[in-house]
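Hi everyone, thanks for making the time. Could you bring up the structure on your screens, so that we can walk through it together?

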Amino acid sequence: MTENRDEFIREITLRVCSSLEIKESLRSTFEYLREQLPLDALSLFIVDRRLGAIRRIAHAFEKDAVPPDEIIPLPEGMPEAITARDFRSPFIVGAGEDEIFSVIRPLTKIEGNSDLIVPLHMRKELLGGLTLRAWGEGRYGREHLEMASCLAKPFAIALANALAHEEVLRYQDILLDDKRFLNRELNQSSACEIIGDSTGLGSVMEMVRQVAPLNNTVLI
């Protein structure tokens, strides 16, 4: 490694945790990592079984590079095959006919590039992975695998936080939709004419409006 291991881990952790916005922290980490090893693109991804696809949560790459696809649909049964495989340590995607990567290779445009994948776990559960890509073949070796092993823990935490944040935003959108619906219903209800409002019932309704905000029991 080009730097002391502890210093490398510290710098990576600081950059990964530098922002609540995962795309910003990934960009900062990308700029640092490309000074340490071959790197032209960096992607944080999950295997989304609900979508039946690989979904990139965030990515960083050279300014002139073509942005990678955020959603990569997989053949039926492939998401289950990927999650069932016991991916533990960082590995370099080879040219062999692995049953999984022979399918994924054309979908993720691995051909002609070098990919190093870091599986990311939280409490022994596979969350997703981090892909380091360098243009050209044979760009990664044993020393890069050692460096990549230092990325697993901070990026697993970053991915878990990003997914939790996604879930919060999803529920926030649901609550906002519910609020808009209820407001429309209330506005429509309040717009309806109350029979008898111009007679004795009008004074009763005025009292109801006054005590409505209270929690007390009221006899009308």
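I'll start with the whole chain, then go to the sheet, the helices, the cores and a few single residues.

One thing to keep in mind from the start: this is a predicted model. The protein chain has 220 residues, and 36% of them are buried. Its secondary structure comes to 7 helices and 6 strands. If you read along from the N terminus, the order of elements is α-α-β-β-β-α-β-α-β-β-α-α-α. On the outside, the chain exposes about 14,000 Å², and carbon and sulfur atoms supply 54% of that area. As for contacts, take those between residues at least 6 apart in sequence: 55% of them join residues at least 24 apart.

Now, the sheet. In what order do the strands of the open sheet sit? The order is E3-E2-E1-E6-E5-E4, 6 strands with antiparallel pairing. At the edges you'll find strand E3, residues 71-73, and strand E4, residues 91-92, and each of these pairs on one side only. Let's zoom in on E1 and E6, which run antiparallel and are joined by 5 bridges. If you'd like a spot to click on, try Phe45, whose bridge partner in E6 is Gly129.

Next, the helices that lie on these strands. H2 lies across E1, E2 and E6, and runs at about 60° to E2. H5 lies across E4 and E5, and its angle to E5 is about 30°. Which residues of H5 are buried? They are His144, Met147 and Ala148. Those three cover an arc of only 100° around the axis, so they sit on the same side of H5.

We can tell a similar story for H4. Its buried residues are Phe101, Ile104, Arg105 and Thr108. They span an arc of only 115° around the axis, and therefore they share the same side of H4. What do the buried residues of H4 pack against? The list is E2, E3, helix H3 (78-84), E4, E5 and E6. Just after H4 comes Lys109, with a positive phi, near 60°.

While we're here, have a look at Thr108, in helix H4, which covers residues 101-108. Its relative accessibility is 11%, and because buried means under 20%, Thr108 counts as buried. Not counting residues up to four places away in sequence, Thr108 touches Ile54, Ile72 and Arg133.

On to the cores. The largest nonpolar core has 32 residues, and the ones with the most contacts inside it are Leu130, Leu132 and Phe155. Several elements give two or more residues to this core: helices H1 (5-16), H2 (22-33), H5 (142-149) and H6 (152-191), along with strands E1 (41-48), E2 (53-61), E5 (113-122) and E6 (125-135). Apart from that core lies another, of 15 residues, among them Leu74, Phe87, Val93 and Phe101.

Let's pick out Leu132 from the largest core. Leaving aside neighbours within four places in sequence, its contacts include Leu37, Leu39, Ala41 and Leu42. Also in contact with Leu132 are Ser114, Asp115, Leu116, Val118, Tyr140 and Leu151.

Asp115 brings us to Phe91, which is found in strand E4. Phe91 and Asp115 are 24 residues apart in sequence, and their C-alpha atoms are 8.6 Å apart in space. Is Phe91 buried or exposed? Phe91 is buried, because its relative accessible area is 19% and the limit is under 20%. Setting aside neighbours within four places in sequence, Phe91 is in contact with Phe101, Asp115, Leu116, Ile117, Pro119 and Leu145.

My last stop is Ala152, in helix H6. Its relative accessible area is 24%, and Ala152 is partly exposed. Its C-alpha atom is separated by 8.8 Å from that of Ser89, which is 63 residues away along the chain. Again leaving out neighbours within four places in sequence, Ala152 is in contact with Val118, Pro119 and Leu120.

That's my tour, and thanks for listening!

Conventions: Residues numbered from 1 in each chain as written. Predicted model: local features only at pLDDT ≥ 70, side-chain atom pairs only at ≥ 80, totals over all residues. Heavy atoms only, no water. Core = buried A, V, L, I, M, F, W, Y, C linked by side-chain atoms within 4.5 Å. Buried < 20%, exposed > 50% of the residue type's maximum accessible area, 1.4 Å probe, protein only. Helix = DSSP H or I, 4+ residues; strand = E, 2+ residues; numbered from the N terminus. Contact = heavy atoms within 4.5 Å. Pairing = 2+ DSSP bridges. Axes fitted to C-alpha atoms, helices over the stretch in contact; angles between N-to-C directions. Arc of directions from axis to C-beta. Areas by Shrake-Rupley, 256 points an atom, 1.4 Å probe, with all protein chains shown as cover.
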